[in-house]
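Welcome, and thanks for taking a look at this one. Please open the sequence and the model side by side before reading on.

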Amino acid sequence: MSAGKPLLSVRALRTHFPVSHRARLWAKRQVVHAVDGVDFDIMPGRTLGLVGESGSGKSTVALSILRLVRPTAGKVVFDGIGLLSLPQEEMRRLRRRLQIIFQDPYSSLNPRERVGEIVRRPLDIHSIGSARERSQRVDELFDLVGLRQAQQDLFPHQFSGGQRQRIAIARAIATFPELVVCDEPVSALDVAIQAQIINLLRRLQREFGLTYLFISHDLGVVREMCDSIAVMYFGQIVEEAPRRDLFERPLHPYTQALLSAVPKLDSDDRAPRLVLEGDPPNPIDLPKGCRFASRCPMAVARCRSEAPVLRRFGSHAVACHRVPDAEVSGEEAREFEQTLRGLS
Amino acid sequence: MREPHPLLAVDDLSIDMTVARGTVRILDGVSFSLASGETLGVVGESGSGKTMTALAIMRLLPQPSARLGAESRILFSGKNVLKLDERAMRRLRGREISMIFQDPMTALNPLFTVGEQIAETVRWHEGGTRAAAQARAVDMLRAVRIPHPERAVRSYPHQFSGGMRQRATIAIALACRPKILIADEPTTALDVTVQAQIFDLLEDIQEETGTAIILISHNLSTIARLTRRIMVLYGGRKVEEGPTREIIRNPRHPYTEALLRCVPGLRSEAEHDAELPEIPGTVPAPEELGGGCPFAPRCSHAAARCRSTMPPAAALGEKHKVACWLHEAAQSAVT
Ligand SMILES: Nc1ncnc2c1ncn2[C@@H]1O[C@H](COP(=O)(O)OP(=O)(O)OP(=O)(O)O)[C@@H](O)[C@H]1O
Ligand SMILES: Nc1ncnc2c1ncn2[C@@H]1O[C@H](COP(=O)(O)OP(=O)(O)OP(=O)(O)O)[C@@H](O)[C@H]1O
Ligand code: SF4
Ligand SMILES: [Mg+2]
Ligand SMILES: [Mg+2]
């Protein structure tokens with residue numbers, strides 16, 4: 001167990017979106033439970049991976065932490081500061097310490113701005129350093145991410161996808177942030193370019209002690225980047241564990257299905273795969289039992305009537321009725337619940 | 001036993017593209033063949049020419065900017081499709097050779113139900129009654145494992161999830177039981193569990209119907225499972241071709257080797273803290289290509305000759321071919 005205080009703690013986070021089209025005026029107002037009770041910690045200098053299928057709520061977690069969408073309930077504590085109740089002005093100032101990198105390097109860069117300006121903008125916004133120091137910082141950032149100084153005068157469309165992602169990274173780390181949220185930063189890139197960007201992010205972390213929340217649906221990428229991994233399914237974390245544990249001893253049936261679906265290189269390796277049948281639930285009308293029950297090969301009657309809670313044993317946590325109680329040390333589970341209660 | 005003609009033979013395919021600064025050769029002398037019932041994987045980095053190769057076979061290259069090289073031939077069952085008039089080509093497309101695209105939304109018309117779109121394809125190619133076409137639509141949706149197909153035929157594309165949409169485009173592409181299905185990055189936009197479902201589906205369909213498949217991807221690991229044979233493109237050239245297992249275990253072209261090493265997530269825990277192997281630099285733009293090997297600027301083995309002269313294809317064993325000066329000694333049976 002790592003000592004010290006987490007840089008980021010998320011507790012009982014809920015973000016629900018109203019569904020705009022109501023079938024009938026008098027119908028009950030419907031909501032999408034995009035994030036529905038999420039807890040995690042990230043220690044300084046570490047990387048937590050958030051994986052899960054499309055629509056499971058990964059981006060909404062990221063946006064909620066940065067207050068780019070309004071969470072419905074819960075707590076987000078960054079370096080001891082509760083973010084969700086922070087006045088607008090203070091949140092704005094804090095943004096220099098928390099940055100985000102998006103999936104699509106093209107749409108996240110203003111096409112009419114020269115990329116040198118794009119990277120410099122956060123320094124201007126947060127009034128960091130003198131004009132000369134800002135220019136020096138931009139030069140330094142171009143070096144750090146492996147772009148040439150002469151390229152500062154070009155526009156985003158004059159760069160390849162991988163180079164654009166380098167520009168987005170330079171912009172994100174310009175203000176010396178402590179936490180960088182990476183939302184699918186390499187998903188739009190070719191494998192060869194992915195490797196370059198993964199190495200760049202890891203090098204920047206080593207050099208500057210950055211803390212990452214790293215979102216991806218690609219388990220291979222997550223394995224290269226993360227110290228621990230949380231698996232999301234329909235707005236909730238169903239399993240969380242250190243990297244090695246998760247890959248070597250996945251406990252939740254959904255995690256097992258995810259891992260067995262990862263393509264292996266050697267075509268001889270025909271390990272039996274767990275292929276999911278059945279349909280995912282409707283995010284507006286979620287079942288009262290386990291959200292995975294409709295596709296779960298292990299499901300029993302109890303799964304359909306009662307929602308499993310996240311039980312923690314050591315550093316491994318899982319929410320599934322079928323994971324034997326014997327695996328969970330009662331004391332550790334109680335301890336975990338108490339810490340949870342203490343924080344909320 | 002050899003068929004008299006392979007199902008598909010692409011011979012010396014070159015494509016010139018008109019761009020602002022003149023004309024560039026984006027595909028240069030690519031040849032390969034496909035037997036019926038076979039699955040061929042096409043791998044290569046972004047911009048290497050995978051999609052253009054596929055569009056050339058479909059005769060759907062962007063017009064008027066793309067021009068085929070004079071020697072290029074594409075033989076389908078021995079007939080040169082490049083010589084067909086547009087009417088004959090329209091009959092071939094969808095009925096004999098179909099294609100599914102990376103983004104399923106571009107292939108689906110948002111204004112029509114999924115069932116109408118399948119039925120329309122069937123009636124266009126095969127005629128028949130509306131009711132028969134509608135029944136085929138239901139069958140196809142069932143075949144691609146869309147739940148409640150009787151209800152799903154009446155759905156519009158936006159009512160489907162990403163995975164269901166891609167399955168619907170597969171249903172349209174397969175509605176007339178084509179002999180060849182070209183799948184251009186069919187699962188790149190999808191989750192791994194859905195990816196696995198789509199690959200299983202393609203495998204089943206192939207087993208049932210004997211459709212030959214050309215599967216295109218930038219990621220070797222996603223297509224290794226489904227193919228027996230792989231062709232590697234780089235900078236508009238075929239740089240390596242051979243049996244999948246042999247290429248995975250013993251890649252001979254430096255690009256293929258580098259590509260295999262940088263697939264994320266395949267290393268052991270012990271290697272985790274070391275840098276992930278990467279290929280420095282980027283794919284050259286077509287106008288930057290000189291006369292040499294297109295990979296030379298990024299290749300750790302590159303010598304002066306690599307930069308000046310394109311290496312010819314050398315045969316390593318019966319089915320394995322590589323275009324690299326390192327394997328010059330092996331150059332005997334050159335194709
Ligand atoms: N602004 C919004 N208004 C309404 N619904 C939303 C909004 N943003 C997201 N959703 C819904 O919330 C759910 C979670 O979406 P989210 O984008 O967080 O998923 P994700 O895990 O990031 O998926 P992906 O892998 O596709 O990026 C989805 O059902 C989505 O449709
Ligand atoms: N309409 C066009 N006009 C000019 N050049 C084009 C056009 N479309 C593609 N190209 C060029 O042709 C080359 C091959 O492109 P192609 O789309 O076949 O690559 P690809 O291997 O499919 O890449 P990706 O993995 O990104 O889909 C590239 O250099 C590309 O820039
Ligand atoms: S609780 Fe039941 S349905 Fe849910 S994952 Fe576990 S076994 Fe499957
Ligand atoms: Mg997202
Ligand atoms: Mg393409």
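A:Arg134 touches A:Arg120, A:Leu123, A:Asp124, A:Ser127, A:Ile128 and A:Gly129, leaving aside residues up to four places away in sequence. This arginine sits in helix H4 of chain A, residues 131-144. Keep in mind throughout that the model is predicted.

**A:Arg134 in helix H4**

- A:Arg134 counts as buried because its relative accessibility is 15%, below the 20% cut-off for that class.
- Its side chain reaches the backbone oxygen of A:Ile128 at 2.9 Å, and A:Ile128 is also among the residues that A:Arg134 touches.

**B:Glu240, a buried acid**

- B:Glu240 belongs to strand E11 of chain B, which runs over residues 237-243.
- Which side chain of opposite charge is nearest to B:Glu240? That is B:Arg252, 6.4 Å away, and B:Glu240 has no salt bridge although it is buried.
- The reason no salt bridge is counted is the cut-off: a side-chain nitrogen of Lys or Arg has to be within 4 Å of a carboxyl oxygen of Asp or Glu.
- Backbone nitrogens do come into play: that of B:Arg252 lies 3.0 Å from a polar atom of the B:Glu240 side chain, and that of B:His253 is reached by the B:Glu240 side chain at 2.8 Å.
- Not counting residues up to four places away in sequence, the residues that B:Glu240 touches include B:Ile230, B:Met231, B:Val232, B:Ile247 and B:Pro251. Also among them are B:Thr256, B:His320, B:Lys321 and B:Val322.

**Where chain B meets chain A**

- On the chain B side 42 residues are in contact with 40 residues of chain A.
- About 3,700 Å² is buried between the two chains, and carbon and sulfur atoms give 50% of that area.
- B:Val192, B:Glu269 and B:His272 supply 17% of the area that chain B buries against chain A, more than any other three residues.
- How many salt bridges are there between chain B and chain A? The count is 3. One salt bridge joins the side chains of A:Arg243 and B:Glu269, with N to O at 2.9 Å.
- Polar contacts across this interface add up to 16 residue pairs, with both residues at pLDDT 80 or more.
- Helices H8 (192-209), H9 (220-224), H10 (244-249) and H11 (254-261) of chain B each supply at least two residues of the side that touches chain A. The largest share, 7 residues, comes from H8(B).
- By residue class, the side of chain B that touches chain A divides into 17 nonpolar, 12 polar and 13 charged residues.

**Backbone spots to inspect**

- As background, most residues other than glycine have a negative phi, and most peptide bonds are trans.
- A:Phe234 is not a glycine, yet it has a positive phi of about 45°. You will find A:Phe234 in the loop between strands E9 (228-233) and E10 (236-242) of chain A.
- B:Arg177 has a positive phi too, of about 50°, and is not a glycine. Its place is the loop between helix H7 (162-174) and strand E8 (180-184) of chain B.
- Are these two residues buried or exposed? A:Phe234 is buried, with a relative accessible area of 12%, whereas B:Arg177 is exposed at 56%.
- The peptide bond from B:Gln63 to B:Pro64 is cis, with omega near 0°. B:Pro64 lies in the loop between helix H1 (50-58) and strand E4 (66-68) of chain B.

Technical notes
Residues numbered from 1 in each chain as written. Chains lettered and ligands numbered in written order. Predicted model: local features only at pLDDT ≥ 70, side-chain atom pairs only at ≥ 80, totals over all residues. Heavy atoms only, no water. Helix = DSSP H or I, 4+ residues; strand = E, 2+ residues; numbered from the N terminus. Buried < 20%, exposed > 50% of the residue type's maximum accessible area, 1.4 Å probe, protein only. Lys, Arg positive; Asp, Glu negative; His and termini not counted. Polar contact = N/O pair within 3.5 Å; in protein donor to acceptor, adjacent residues only side chain to side chain. Contact = heavy atoms within 4.5 Å. Buried area = accessible area lost by both parts, 1.4 Å probe. Nonpolar A, V, L, I, M, F, W, Y, C, P; charged D, E, K, R; others polar.
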